[in-house]
Structure formats: structure tokens, C-alpha cells
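Trainee: Could you walk me through this one slowly? I would like to know what stands behind each label we use.

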Amino acid sequence: MTTVSKAWLGLGGNIGDVPTAMANALQRLDGDAEITVTAVSPIYKTPPWGVEDQPWFHNCCAEVETSLTPEQLLEACQEAEREGKRERIVRWGPRTIDVDILLFDGVEQNEQRLTLPHPRMLERAFVIIPLADIAPNLHLKDKPCQIWASEMESSDLELTSSNKHWWKEA
Ligand code: GSY
């Protein structure tokens, strides 16, 4: 019997046409026979975290169902990044597109290639706010995602559109 897992992804970038790059990445993942994209948040424009002297980012989150292992899903995400011609010269600096695995069911692991849950996700409004749009009741540590979101400073995040299907239309 095939095991189907749920995973949540964080997507973002700040070079070029990021909404189109994110849509292409999601379409590519959804086109994989072993991945179904089941929900996608709206896109937010977000101030840069880390290196602050760089353009604002576009960010969104997606929920997928997959029969892949976490490492295989990581490989598929990296392939989708490569397809989006990902360029990242400076750590925490500008990039065309990142596709990160935030959570993979209840898996907890600390491997060089992939740490789950994503180690810095709870500190980042650009992850938690869009994640709460698609998974408000998802438990993160001791409380649901929507509570994390409500406790987070998010006044500088700008919702670009509420169209749920933007990623299929781009
Ligand atoms: O993987 C995170 C890339 N990144 C981002 C991002 O996606 N959004 C914002 N707002 N700042 C960021 N800094 C880095 S690094």
C-alpha cells in the first residue's frame, strides 16, 4: 500500500517575476505523478529578513500530498527551483526562487540536507501568515498556526490578491 503524506512548503523570491516563477514551480510540482498541490495561499509582499538592504520578497505557502519521502520531495523542490533558474549568491541575500519544505507530516529530523520542521519558520511572519491562510488549525509546537499568526507582527506584509487559483492561471 502506498503511504500518502501531507507536507507544507514555503516559496519566495525577490529577483525578476517572482509570482510567475512561483506559479511555474507549483505547476511543475503538481505535474509530478507523486505530488498533488492541494492548497496554495495568496501571495504576500514581505520586507526582507536577514540582509535588509535588498528588494522586498514575494512569499506564499502551499500544501501538498505526496507518496515521496521527505528527501525525494526535497529533490523535487530543488528541481523546481532549478527550473526557475534559481540564483543565490549571498546567504540570506536576493534570490529568484526558494522552495523550502516547512513540515512533512509529523516528521522530526535533523539531517545535514533537510531539517524538519524547518528550524526558523516560527520566527518568520512571511512563513506563518500565509501558512495560517491554508492551515489555520495545523499544530506547530504547542498551538495552532492561526494563534502563532495572530501573535506575530505582520502589519508590514502586503496581501497582493486573494485569488486562490493564481498559481494555475499564471
Ligand atoms: O528562504 C527564505 C528566503 N528569504 C526570505 C523570504 O523568503 N522572504 C523575506 N521576506 N525575507 C527573506 N529573507 C530570506 S533569506
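Mentor: Gladly, starting with burial: a residue is buried under 20% relative accessible area, exposed over 50% and partly exposed in between, with a 1.4 Å probe and protein chains only. This is a predicted model, where local features need pLDDT of at least 70, side-chain atom pairs count only at pLDDT 80 or more, and totals for chains, interfaces and linings use all residues. Residues are numbered from 1 along each chain as its sequence is written, and side-chain values use heavy atoms, leaving out hydrogens and water.

Trainee: Why is Asp 105 called partly exposed?

Mentor: Its relative accessible area is 38%. That value falls between the two cut-offs, so Asp 105 is partly exposed.

Trainee: And why is Lys 141 called exposed?

Mentor: Lys 141 has 73% relative accessibility, which is over the upper cut-off, so Lys 141 counts as exposed.

Trainee: What is notable about phi of Asp 105 and of Lys 141?

Mentor: Phi is near 45° for Asp 105 and near 55° for Lys 141. Both values are positive, in residues other than glycine. Most residues other than glycine have a negative phi, and most peptide bonds are trans. Asp 105 is found in the loop between strand 5 (98-104) and strand 6 (109-110), and Lys 141 in the loop between strand 8 (139-140) and strand 9 (143-144).

Trainee: Which peptide bond is cis?

Mentor: The bond from Leu 116 to Pro 117, with omega near -15°. Pro 117 lies in the loop between strand 7 (115-116) and helix 3 (125-134).

Trainee: What makes a stretch count as a helix or a strand?

Mentor: Both are DSSP runs numbered from the N terminus: H or I over at least four residues for a helix, E over at least two for a strand. By that rule the chain has five helices and ten strands.

Trainee: How do you know how compact the chain is?

Mentor: The radius of gyration, taken over C-alpha atoms, is set against a globule rule of 2.2 Å times the number of residues to the power 0.38. The chain has 15 Å, close to the 15 Å that the rule gives for 170 residues, so it is as compact as a globular protein of that length. The C-alpha trace spans about 50 × 35 × 35 Å along its principal axes, and 46% of the 170 residues count as buried.

Trainee: What makes helix 3 mostly covered?

Mentor: Nine of its ten residues are buried. Among them are Phe 126, Val 127, Ile 128 and Leu 131.

Trainee: Why is Gln 109 called buried?

Mentor: Gln 109, in strand 6, has 16% relative accessibility, which is under the lower cut-off, so Gln 109 counts as buried.

Trainee: How do you know that the side chains of Gln 109 and Glu 71 make a polar contact?

Mentor: A polar contact is a pair of N or O atoms within 3.5 Å; within protein, one must be able to donate a hydrogen and the other to accept it, and residues adjacent in sequence count only if both atoms are side-chain atoms. The two side chains are joined at 3.0 Å, so the pair is within the limit. A polar atom of the Gln 109 side chain also lies 3.0 Å from the backbone oxygen of Leu 114.

Trainee: Where does Ser 5 lie, and what does its side chain contact?

Mentor: Ser 5 lies in strand 1 (residues 5-13) and is buried, at 9% relative accessibility. Its side chain makes a polar contact of 3.3 Å with the side chain of Asp 105, the residue we began with.

Trainee: What does Ile 43 touch?

Mentor: Contact means heavy atoms within 4.5 Å. Leaving aside neighbours within four places in sequence, Ile 43 is in contact with residues including Pro 19, Met 22, His 58, Leu 159 and Trp 166. Ile 43 sits in the loop between strand 2 (35-40) and strand 3 (44-46), and its 7% relative accessibility counts as buried. Its C-alpha atom is 5.6 Å from that of Asn 59, 16 residues apart along the chain.
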